[in-house]
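User: I would like a close look at one part of this model, and then at what else stands out along the chain. Please keep it brisk.

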Amino acid sequence: MELAYLTTEYPAVSHTFIRREILGLENLGHTIHRYSIQNCKNISDPVDELERQKTFYCLSQGIFKLLLGGISCLICTPVKSLDALRLTLDFRKSERGIIRHLAYFLEAALLLKEFDRKSIKHVHVHFGTNSTTVALLVTALGGPRYSFTVHGPDEFDAPIGFSLARKIENSAFTVGISQYCSAQLKRWASLENWVKIKIVHCTVSDEFFQPAPRVDEDSNTIVCVGRLSAQKGHLVLIEAARRLLDQGFHFNVILVGDGELRQVIENRIREYGLEERISITGWVGDSRVREILILSRGLVLPSFAEGLPVVLMEALALKRPVVTTYIDGIPELIKDGVNGFLTISGDVESLAEGIRKLLNTSPEKLNEMGDRGHDLVKSSFSAHSQIPILEKYFEEALTDQESP
């Protein structure tokens with residue numbers, strides 16, 4: 001198969017699962033062309049740098065080329081172009097505004113030409129936000145059909161603004177990354193379109209399945225990996241850590257990641273005098289994440305909203321139990337007391353109790369929990385188990401397009 005992958009930003013440092021999906025399909029012998037609306041930032045992994053060199057960036061083509069693509073469409077296919085523009089105006093209820101959506105039309109016109117030049121018959125998109133809007137407009141202009149993967153929570157925060165129902169209706173198929181995600185998609189899709197909704201899990205890099213040392217009984221390090229943003233709950237983690245340290249528990253916290261709340265988080269750490277206990281690494285590559293997790297007692301992820309975080313799978317693949325929140329798709333992966341500890345989102349004392357359990361549980365018991373988590377991730381969240389499922393859906397979509 002020859003496919004195009006389209007995202008808003010690729011390769012993004014927190015979206016390595018997209019890269020793994022693309023490389024997994026290429027390992028099966030398929031040709032994947034990479035397209036992104038905007039250029040990527042904060043590249044920290046050499047593999048991502050190679051991916052950037054393979055990617056076509058719409059906004060990097062310049063305004064003249066974008067305008068030329070739109071004018072060319074209006075001249076060569078006026079009926080389809082006007083239909084696409086009407087569709088663009090239908091999206092104006094989005095908080096992004098009409099100017100942004102007119103830009104989507106220009107991006108779609110540019111991509112239409114690129115897809116036609118490479119004879120691409122199908123486009124897959126990650127996230128049901130603006131990149132899927134562009135893919136829908138490409139189809140309206142006479143270009144290839146699209147499918148898309150929804151991760152949440154952004155799409156579920158504004159399903160009407162993102163025209164989620166229309167995107168599902170016009171797609172060849174729509175992927176949810178968890179049962180929870182699939183259920184949320186069905187909330188907005190018409191009943192006749194439920195059949196289009198599939199489940200394909202995100203996957204873990206093979207290096208996380210390589211043999212890892214057992215939990216060291218002397219390790220008192222806990223790790224939190226994720227963007228430093230409000231939805232990840234870092235400030236709740238700092239409050240819980242402060243409470244536990246005041247109670248005489250001894251441990252260190254490593255925050256892996258970066259983001260818009262970094263300054264706020266650093267200020268709170270200083271305010272509480274926790275500079276010697278809590279550190280921030282910034283963004284690091286997969287290999288460094290693996291090294292940090294191996295040295296830890298376990299992972300803590302106190303999120304307020306999620307899809308199904310890949311970092312939970314990575315920690316379990318390394319046989320490290322996790323403390324996280326009982327939200328969204330997380331309980332499909334984390335079983336309380338079996339391979340981790342579930343806590344109430346936003347509740348400082350509940351999170352503190354989860355961390356207490358992690359610190360008080362014997363290494364033998366933690367290793368048993370890690371073994372169970374490893375087995376689950378290997379069976380249901382590896383590229384070997386998930387990529388063939390996605391491959392089958394692509395093959396069915398292309399066959400349907402070729403049918404008379």
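In which loop is Lys319 found?

Analyst: This is a predicted model. Lys319 is found in the loop between helix 13 (310-317) and strand 12 (322-325). Its backbone deserves attention. Phi of Lys319 is near 65 degrees, a positive value, and the residue is not glycine. Lys319 is partly exposed: its relative accessible area is 25%. Buried would require under 20%, and exposed over 50%, so Lys319 falls in between.

Follow the chain past strand 12. Asp328 lies in the loop between strand 12 and strand 13 (340-343). Here too phi is positive in a residue other than glycine, near 45 degrees for Asp328. Asp328 has a relative accessible area of 24%. That value also makes Asp328 partly exposed.

Other backbone features involve proline. The peptide bond from Tyr10 to Pro11 is cis. Its omega is near -5 degrees. Pro11 sits in the loop between strand 1 (2-9) and helix 1 (16-27). Gly152 and Pro153 are likewise joined by a cis peptide bond, with omega about 0 degrees. Pro153 belongs to the loop between strand 5 (145-150) and helix 7 (154-157).

Helix 1, which follows the loop of Pro11, also helps to line a pocket. This is the second largest pocket, and helix 1 gives five residues, the largest share of its lining. Helix 12 (286-294) and helix 16 (383-402) each supply at least two residues as well. The pocket holds about 380 Å³ of space. Its lining counts 18 residues. Nearest the centre lie Arg20, Leu23, Asn27, Asp206 and Ala383. By character, the lining divides into seven nonpolar, five polar and six charged residues.

The surface has a nonpolar feature too. Ile63, Phe64, Leu67, Leu68, Ile71 and Ile75 form a patch there. Together these residues have about 660 Å² of accessible area. Take Leu68 as one of them. Leu68 is placed in helix 3 (residues 63-76). Its relative accessible area is 47%, which makes Leu68 partly exposed. A patch residue needs over 30%, so Leu68 clears that cut-off.

Back to the starting point. Lys319, in its loop between helix 13 and strand 12, combines a positive phi with partial exposure. Asp328, in the loop after strand 12, likewise has a positive phi and is partly exposed.

Conventions:
Residues numbered from 1 in each chain as written. Predicted model: local features only at pLDDT ≥ 70, side-chain atom pairs only at ≥ 80, totals over all residues. Heavy atoms only, no water. Helix = DSSP H or I, 4+ residues; strand = E, 2+ residues; numbered from the N terminus. Buried < 20%, exposed > 50% of the residue type's maximum accessible area, 1.4 Å probe, protein only. Patch = residues over 30% accessible without salt bridge, like charges linked within 9 Å, V, L, I, M, F, W, Y side chains within 5 Å. Areas by Shrake-Rupley, 256 points an atom, 1.4 Å probe, with all protein chains shown as cover. Salt bridge = Lys/Arg side-chain N within 4 Å of Asp/Glu carboxyl O. 1 Å grid on protein atoms, 1.4 Å probe; cavity = no way out; pocket = protein on both sides within 12 Å on 5 of 7 lines; lining within 4 Å. Points joined across faces, edges and corners; volume = space filled by probe spheres on them. Nonpolar A, V, L, I, M, F, W, Y, C, P; charged D, E, K, R; others polar.
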